[in-house]
Amino acid sequence: MSTETVAARPVVDSAKIKTWLPKYGVYAAIVLLVVYNIFFTPYFATWSNLRIQLIQVAPIVIVALGMALVIGTEGIDLSVGSVMALAAAFIPLYLGYGVIAAVLVALLAGVAVGLINGILVAKVGLQPIVATLALFVGGRGLAVVISEGKLVDIRNQDFLYLGSGDLLGIPVLVWVAAVLVLVVGFVIRRTVFGRRLLAIGGNRPAAELAGLPVKRVLITVYVVCAVLASIAGLLSVARIQSSDASSVGLLIELSAITAVVVGGTPLTGGKVRVLGTVAGALLMQLVIATMIKHNLQPSTTEMVQAVIILVAVYVARERKTR
Amino acid sequence: MALLEVNDVSKIFPGVRALDQVSFTLQPGEVHALVGENGAGKSTLIKVLTGVYQPDGGELRYQDQPARFGTPMDAQQAGISTIYQEVNLVPLMSVAQNLFLGREPRTRLGLIDRKRMDREAREILTGYGVTADVRRRLGTLALGAQQMVALARAVMIDAKVVIMDEPTSSLEPREVQTLFGVIRDLHARGIGIVYVSHRLDELYQICDAVTILRDGKLVHTGKLADLERIKLVSLMLGRDMAEVRREGATAFSGTATGDTEAAPVLRVSELNSRHKLHDVSFDVRPGEVVGLGGLLGAGRSETIKAIGGAYHLDSGDIQVDGQDLKKPTPVRAVEFGIAVQPEDRKAEGIVPGLSVRENIALAVLPRVSRFGFVSDGKVDEIVDRYIERLRIKASSPDQAVGDLSGGNQQKVLLARLLATDPKVLLLDEPTRGIDVGAKAEVQSLIDELAAEGLGVVLVSSDAEELVEGSDRVVVLRDGVVVGTLTGADVTTEDLMATIATEAHP
């Protein structure tokens, strides 16, 4: 903030802005961007455009939900993209046994990865960034081996319905994401698991001394995160109608972390903003879409994204003196 | 000529006078003990001496010149070195590399002369009783040896003053003797040593002078040989009579509540933990408050944490209501009815970002929920009950605990413990850092809880609080039970006398 703006509008209390901005800044930014687009971007305010944006953002939202939970425990999960690739690799192998079998196998792959991550973090005591780095690298490698490095077209109509079908005029993909948002929000607010998760992220030694099952909660968090990632993986396969383990979910861990951070969840743990995370994902999606529609270079888009991340982190930083 | 002089130095933090016009003088070749309980201002004083903090008043004189150390680096370059409890060297580098870090001998080509470095390191370290291969990585050495390397390094950098912060806390008895040998050697070379420790035997063995701090003020400085042990202890622990008169003593009723006939609710036998606890045994009957007395580092907090399953035990038995608590973990301890209030409220007690409500309900979530879903009604019942009973002052139950005053934070923590319906309450410094009013409330609460039949174990550095609050006091020194005060013997005088008795040879 420059001194000029303060001088020009003495009515605005700067302390209020400081508490307001990290909480609602992301929503304000979305509103601004939408208003801008309505006036300056042709064909922005159309149903088909909105559909495309929502379909594109849905997998990111789903992965970001899991990431937000992990970050709430003061952790991070780099392996989400690899989990998506693993899920993608298993789908064509098991679709022969039916859609349900294929989906279950994909989810089980998520459970397995989550268990490994969780045990490495909670029981072995590795730092989350290192523990999940192992499967970030190894998981995708394994996925490519399983799929023999081939891109497989998917033609099972029941399965493709998940990626391209509609329910009450809204894409199934978006329904799934919306339901998961509600479920995760409910879990955080209302369940024993959610409350324990926040306490562990807020002060782990205190949680341990209070007799909380810290290790079990941590392992569960990583399993939930990986299962959400595998849901995102199978939905992505259903949407692009092919399975390619080497490209599904590539770099999604960065988009997810960005959404969580921009949404106002602190990396220091103890707090999870579910709606903020959704808004963070939407904002980044809108920024990219806007830049593309105005024919800006992808490199420019990336730099703008970087600026948004920096602003979000700067705004949300804890004041050091208390 | 004094080597280092501290004249009327003050250091003020928001709300606290950490140092209030403290003065002391260090002579060359003197080993000067710096003692005081937690919060007495020792660490602050050391930080002022080493340039970590700037004093808010008073002056430092070093070698008869006014001195000002802006950064720890300034102090080090001037010749003031500090050896901390945790060694701050590079564990992955070799012993010799650590010793010469930044001042490595060079060959003519400007490369590091490894052979010479290793040879010189070997020679130097032999003088410190370290015989390990100097090419080994430092991290693979025993902690005592690492500390010697740190000391050797400090002395090599032309140190004139060496500050040692509890240097023996992790050493074996044999290593302690080696350290003392080195200290005597430094003493002979005219190096001044500031020695911080709570082990009285050590102080009397090695130190010439002593400075005692209490609540940020200087209470005594002079020759150690002229000061009796009992006097030293009472200076460290005692409160000014004026202060007692002003604040009144404590809010404890002073009547014994324990039923001496009843079976103990907590029985602890022969707890052992390497270096820290040696055969600690005692028991607590329902309705009884048992104090754990002793100086800092005597093993009081370790005992409490060990019973609560949060501190490693090599051996020992813990029984609650006659049932064995095998392999204690915090989860199992809570199940058995043990509630621990840790010493460090902020680091290990409250979850500052969560609300009063969440903090109170934290340990009993399964009991207030069905199928994993928390019932707001049941939570409110518990939360309201304890907010009222403990008179917790918060703007609403949804206020973040981090925003409350220290006293209210402590009450929230106690509410969490009580909500678990414990049989035994272990309280480590329950009134530290809270205001006088809250202190009295917490003290009378402890009385009340004992009267209701809980077994209470109380640790307090405030001798009056300990003596007035406890029906019995078990005195620890260096992890050993050295005495138990009962009945009419539960007085500050007896407590201090027991602490001050000399250790068995």
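## Chains A and B: how the terms apply

Reader: Which residues does A:V63 touch, beyond those up to four places away in sequence?

Author: In this predicted model, A:V63 touches A:V80, A:L228, A:A229, A:A232, A:I252 and A:A256. Each of these pairs counts as a contact because the C-beta atoms, placed from the backbone, lie within 7 Å.

Reader: What makes A:V63 notable in the largest nonpolar core?

Author: That core has 246 residues, and A:V63 is listed with A:A64, A:M67 and A:C225 as those with the most contacts inside it. Membership requires a buried residue of a nonpolar type, joined to others through C-beta atoms within 7 Å. Helix α11(A), residues 214-240, gives the most to this core, with 19 residues.

Reader: Why is helix α12 of chain A called mostly covered?

Author: A residue is buried if 20 or more other C-beta atoms lie within 10 Å of its own. In α12(A), residues 252-262, 10 of the 11 residues are buried. Among them are A:I252 and A:A256, which are also contacts of A:V63. The buried set includes A:E253, A:S255 and A:T258 as well. Just after α12(A), A:G264 takes a positive phi of about 95 degrees.

Reader: How do you know that chain A is as compact as a globular protein of its length?

Author: Chain A has 14 helices and four strands. Its radius of gyration is 20 Å, and the globule rule gives 20 Å for 322 residues, so chain A is as compact as a globular protein of that length. The C-alpha atoms fill a box of roughly 70 × 60 × 35 Å along the principal axes. Buried residues make up 46% of the 322 residues. Of the contacts in chain A with a separation of 6 or more, 77% are between residues 24 or more positions apart.

Reader: What makes β16 and β22 the edge strands of the six-stranded sheet in chain B?

Author: The sheet is open, with the order β16-β19-β20-β13-β21-β22 and mixed pairing. β16 (338-341) and β22 (480-486) each pair on one side only. Neighbouring strands are turned by 20 degrees against each other on average, direction ignored.

Reader: How do you know which strands flank β20 of chain B?

Author: In the strand order, β20 stands between β19 and β13. Two strands pair if there are at least two bridges between them. β19(B), residues 424-428, and β20(B) have five bridges in the parallel sense, one partner pair being B:V424 and B:G455. β13(B) and β20(B) have four, also parallel, and B:L292 has B:V459 as its bridge partner. β13(B), residues 289-293, also pairs with β21(B), residues 472-477, in the parallel sense over four bridges; there B:G291 is partnered with B:V473.

Reader: Why is strand β20 of chain B called largely enclosed?

Author: Five of the five residues of β20(B), 455-459, are buried, so the strand is largely enclosed by the rest of the structure. B:G455, B:V457 and B:V459 point one way, B:V456 and B:L458 the other way, and all are buried. In a regular strand the side chains alternate between the two faces of the sheet.

Reader: What makes up the side of chain B that touches chain A?

Author: The contact takes 26 residues from chain B and 19 from chain A. By class, the chain B side has 18 nonpolar, five polar and three charged residues. The elements of chain B giving two or more residues are α11 (330-335), α12 (345-349) and β18 (373-374). α11(B) gives the most, with four residues.

Methods: Residues numbered from 1 in each chain as written. Chains lettered and ligands numbered in written order. Predicted model: local features only at pLDDT ≥ 70, side-chain atom pairs only at ≥ 80, totals over all residues. Rg over C-alpha atoms; globule rule 2.2 N^0.38 Å. Buried ≥ 20, exposed ≤ 12 C-beta atoms within 10 Å, placed from the backbone. Contact = placed C-beta atoms within 7 Å. Axes fitted to C-alpha atoms, helices over the stretch in contact; angles between N-to-C directions. Nonpolar A, V, L, I, M, F, W, Y, C, P; charged D, E, K, R; others polar.
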